[in-house]
Amino acid sequence: MESLLANPSAKLSISNPSFTSRRAILTESLHFAPRYFSNSIRMTSGLSPLRCTNSPEDKEISSVASAMYEYQTDEFINAKEVREWESGKSINQIAANQGITIRRSCRPAPPAGGGMVPRNILEQIIWDKEVEVTQFKQRMPRKNVEHLIKDASPTRDFIRALKDSYLRTGVPALIAEVKKASPSRGILRENFDPVEIARTYEQNGAACLSILTDTKYFQGSFENLEKVRKAGIKCPLLCKEFIIDLWQIYYARAKGADAVLLIAGVLPDIDIKYMLKTCRELGLTALIEVYNERELDRVLKINGVQLIGINNRNLENFVVDISNTQKLLENRIQVIKDKDITVVGESGLFTPDDVKFVHDSGVKAVLVGESLIKQEDPGLAIRGLFGKDISK
Ligand SMILES: O=C(O)c1ccccc1NCC(=O)[C@H](O)[C@H](O)COP(=O)(O)O
């Protein structure tokens, strides 16, 4: 199992939820071996993990006891979501309790039609992603991806690049998006060479780049990400993907990403926490995207969050309103400062006034796609967006 809720279909086949879900977490997510569920663990479950031992039997007992201790205290195994699930709640009910309206479909639609109907475009994207990721994983299991990662170049520091750019220019650092198309706007650029566009963005002052990897809705690809990375672009790269499964994080790392996007409107807290842990292990930065106050407050409670994106686009109906950034930051600037979190204003930024508005609201970086990519010269477009040359 890939974190608690990331792969619901795997869990649906489990016959004894209470026991096997915990075992799945131990064996897959936490890399524990199933042996801890032998008879001996039941016999020794009361032991203190700190007990001193000398004899081989005692050592055996001690290691079982310490595994038991980890089992009893592990934040993921003992998360409230796991307990809710064990008490019979569906993963969609658990997510809904956290204000998440996007449901997971959990299984392919029946061939004859029927079944669940997606309520909006984001839900549709996520359901298609479930099918896509399952197919990807069949073609390339995670252990093969881990082999690729062994040969991958080290990651670059995404947040450092944003902070350096902000200090140098005094305006929000630019994450320029390499985006050919979108569900809300259709084709944004016919003549689309991801490497050439990435290079132009870099030469004109982008601090980082965002590479769309979703094919069906954005005409992006992991190949584009890999090409840009291999072309020697120095800007750190965000893999702009709808991540629902740990496999995608590993794959992003293998294909050259320095950062990945995690969408709070799709992922419950336990998945965000587990994915953050995985990102740390792989040297990746996580940009955690929120759209409303509830999502932001959830994310602010999660330890280790360093980068938050506030999307001005409602992904369920495409309405864009840049005052969303201001609304969300209004009463939270101090906590964000105290936690040294960098905030990115995302979507719908077209003019220097727009950039100033989100800067005044408290962001130190902006994520911009359409207004740059649609112009003949995306480099000139950067100067237009900031009202000055930010490359020096
Ligand atoms: O852009 C869309 O239409 C879209 C639809 C559904 C889900 C996500 C979508 N976009 C992702 C983004 O948030 C933007 O690509 C990114 O923030 C840049 O926005 P913009 O500058 O407005 O292109």
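**Exercise 1. Find the residues of α10 that meet α11, and describe how the two helices cross.**

Begin with the residues: P194, V195 and A198 in α10 meet N224, K227 and V228 in α11. Sorted by class, this contact of α10 with α11 has 4 nonpolar, 1 polar and 1 charged residues. The model examined here and in the exercises below is a predicted one.

Next take the geometry, for which the axes of helix α10 (residues 194-203) and helix α11 (residues 222-230) come within 9 Å and cross at roughly 50°. Because angles under 35 degrees count as roughly parallel and those from 65 to 115 as roughly perpendicular, α10 is therefore oblique to α11. To complete the description, the crossing of α10 and α11 is right-handed.

**Exercise 2. Work out how α12 packs against α8, and then how α12 packs against α13.**

Step one concerns helix α8 (residues 142-150) and helix α12 (residues 246-254), whose axes lie 8 Å apart and which pack at an angle of about 25°. With the limit for roughly parallel set at angles under 35 degrees, α8 and α12 are therefore roughly parallel to each other. On the α8 side the contact is made by R142, V145, E146, L148 and I149, and on the α12 side by W247, Y250, Y251, R253 and A254. The residues of this contact of α8 with α12 comprise 7 nonpolar, no polar and 3 charged. As for handedness, α8 passes α12 in a left-handed crossing.

Step two turns to α12 and helix α13 (residues 269-282), which pack at an angle of about 20° with their axes 10 Å apart. That angle makes α12 roughly parallel to α13 as well. Here L246, I249 and R253 of α12 make the contact with M275, T278, C279 and L282 of α13, and by class these residues divide into 5 nonpolar, 1 polar and 1 charged. In this case α12 passes α13 in a right-handed crossing.

Step three puts the two contacts side by side: R253 of α12 takes part in the contact with α8, and R253 is also listed in the contact with α13.

**Exercise 3. Trace the strand order of the barrel, and examine the pairing of β9 with β10.**

First follow the sheet, a closed barrel of 8 strands with parallel pairing that runs β1-β4-β5-β6-β7-β8-β9-β10. Neighbouring strands of this sheet are turned against each other by 25° on average, direction ignored.

Then look at one pair, in which strand β9 (residues 342-346) and strand β10 (residues 365-368) are joined in the parallel sense over 3 bridges. For a single bridge within this pair, E346 has L367 of β10 as its partner.

**Exercise 4. Describe the shell of residues around the ligand.**

Start with the membership: 21 residues surround the ligand, and the closest are S182, S184, S347, G369 and E370. The elements that give two or more residues to this shell are α7 (121-139), β10 and α18 (370-373), and of these β10 is also a strand of the closed barrel.

Finish with the chemical character, where the residues of the shell around the ligand divide into 8 nonpolar, 7 polar and 6 charged.

Methods: Residues are numbered from 1 along each chain as its sequence is written. This is a predicted model: local features need pLDDT of at least 70, side-chain atom pairs count only at pLDDT 80 or more; totals for chains, interfaces and linings use all residues. Two strands pair if DSSP finds at least two bridges between them. Helices (H or I, at least four residues) and strands (E, at least two) are DSSP runs, numbered from the N terminus. Axes are lines fitted to C-alpha atoms, for helices over the stretch in contact, and angles run from 0 to 180 degrees between N-to-C directions. A residue is near a molecule or strand if its C-beta atom, placed from the backbone, lies within 6 Å of it. Ala, Val, Leu, Ile, Met, Phe, Trp, Tyr, Cys and Pro count as nonpolar, Asp, Glu, Lys and Arg as charged, and the others, Gly among them, as polar. Angles under 35 degrees count as roughly parallel, over 145 as roughly antiparallel, 65 to 115 as roughly perpendicular and the rest as oblique. A crossing is left-handed if the near helix is turned anticlockwise from the far one by less than a right angle, and right-handed if clockwise. Two residues are in contact if their C-beta atoms, placed from the backbone, lie within 7 Å.
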